[in-house]
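Here are a few exercises on pockets and a bound ligand. Grab your viewer and work through them at your own pace.

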Amino acid sequence: MELIQSQKIVSQFLPKGEVIQIKESEKGLINQTFIVWVENNYTLKKYILQSVNTSIFQNYKLTLENIIEVKKAITESSFSYSFPTPIDNRYINISSQVWRLSPFVEQSICFEKITDKELAFEASVCLGSFYYVLHNFDTDKLHETLPDFHNANKRYNQLEDAITSAEEERKINAFHLIENIQKEKEVLIKFDILNKVLPKRVCHFDTKISNFLFDKETNKAKALIDLDTLMPGTILSDIGDMIRTYSNPLGEESSDFDNIKADKEIVNLIIRGFLKSSEEILNQNEKLNLIFAGKAITLMQSVRFLTDYLNNDVYYKTTYKDQNWVRAQNQWYLYCSLKNI
Ligand code: GN1
Ligand code: MG
């Protein structure tokens, strides 16, 4: 994006701000994100400028309402991490693109992968604390902005539909993985059953490591970001996604399938960290299913990537032809290794 275009958007939020520099961030598979340096009242500050993907977040106005509600509760609580929300609590619409500007968390660093196991512990303590401070929050106040986001049966049916309409070449490639996934359907069924009986809580729904920011010097968790998916859900979604993303040191883009092995020590650290700050408020059934959540969410992510591959890559951003196919297999191998944990 040109400086001049970003200036037009930023001025809507900071009328006296002058954009000095802009840099696109490669992070995230959905929204478009930029870091902008803005001079305002003689001080230079960084901000996060984002264009919201409104074909995925069609309910983006309700998404913002969820963010505002949760932020209110967080502000009144003892949550000791930053929770950066859009400036002025608003999004703006320019030439049918929806933009928001949020403060940049100073002195922070973002990791794409677990480079140090302590990061997993730090992030899971932060997540546990998020659940702890919000455990009395009335989730009826939140909208289900992405209906059935982690409804495993729906995801499975979407895969079946995609198989029916897929191009021959992709279908042939995917044949064995489809068969393997079909044999694991019980896991998806169990996930949905548990989701119905476990308490509804405020969920983040995207707890990968790059959505926690860390202190540049100490590597202590500092902030929880990327709030578009804040919705009512159960802890299975968040703890499951943590296990899925942190236990795989090669990351979800790797095609080195033989070496995709879940790191047991990391899984244990996640559980220890999460319980450290949330044990008091969890029920027995929740505590018993933390590792199961990791397996189920990983399988569901394999289903989601495979579905997108069969649908010709309409959902996740891709930079090369078979990227969703690689991701789907990657998640399958990870799932198989999590099963043995
Ligand atoms: C998407 O764009 P990003 O990376 O924040 C997706 C998550 C997936 C993730 C896989 C709204 O999140 O559910 O787990 O990709 N978000 C949505 O990398 O579908
Ligand atoms: Mg996200």
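A molecule sits in a cavity or pocket if more than half of its atoms lie within 2 Å of its grid points. Keep that rule handy, and bear in mind that this is a predicted model.

**Exercise 1. Work out which pocket ligand 1 sits in, and describe that pocket.**

Step 1. Apply the rule above: ligand 1 sits in the largest pocket.

Step 2. Get the volume. The largest pocket comes to about 1,100 Å³. Its lining runs to 50 residues, and those closest to the centre are K27, Q50, N211, I225 and D226.

Step 3. Find the elements behind the lining. At least two residues each come from β1 (18-25), β2 (32-40), β3 (43-52), β5 (97-103), β6 (108-110), α7 (235-246) and α10 (290-310).

Step 4. Sort the lining by class: you should get 24 nonpolar, 13 polar and 13 charged residues.

**Exercise 2. Identify what surrounds ligand 1 and list its side-chain polar contacts.**

Step 1. Collect the shell. There are 15 residues around ligand 1, and L29, D206, K208, E252 and Y315 come nearest.

Step 2. Ask which element gives the most to this shell. That's α10, with 3 residues.

Step 3. Split the shell by class: 7 nonpolar, 2 polar and 6 charged.

Step 4. Check N and O pairs with a cut-off of 3.5 Å. The side chain of R304 has an N or O atom 2.8 Å from an oxygen atom of ligand 1. For Q301, the corresponding side-chain distance to a ligand 1 oxygen is 2.9 Å, and for D226 it is 3.3 Å.

Step 5. Look at burial. On its own, ligand 1 has 440 Å² of accessible area, and the protein covers 96% of it.

**Exercise 3. Characterise the second largest pocket.**

Step 1. Start with the space: the second largest pocket holds about 630 Å³.

Step 2. Count the lining. You'll find 23 residues, with G28, L29, E112, E252 and E253 nearest the centre.

Step 3. Trace the lining back to elements. β1, α7 and α11 (323-339) each supply at least two residues, and α11 has the largest share, with 3 residues.

Step 4. Finish with the classes: this lining has 2 nonpolar, 10 polar and 11 charged residues. Set that beside the 24 nonpolar, 13 polar and 13 charged residues lining the largest pocket.

Terms used. Residues numbered from 1 in each chain as written. Chains lettered and ligands numbered in written order. Predicted model: local features only at pLDDT ≥ 70, side-chain atom pairs only at ≥ 80, totals over all residues. Heavy atoms only, no water. 1 Å grid on protein atoms, 1.4 Å probe; cavity = no way out; pocket = protein on both sides within 12 Å on 5 of 7 lines; lining within 4 Å. Points joined across faces, edges and corners; volume = space filled by probe spheres on them. Helix = DSSP H or I, 4+ residues; strand = E, 2+ residues; numbered from the N terminus. Nonpolar A, V, L, I, M, F, W, Y, C, P; charged D, E, K, R; others polar. Near = heavy atom within 4 Å. Polar contact = N/O pair within 3.5 Å; in protein donor to acceptor, adjacent residues only side chain to side chain. Areas by Shrake-Rupley, 256 points an atom, 1.4 Å probe, with all protein chains shown as cover.
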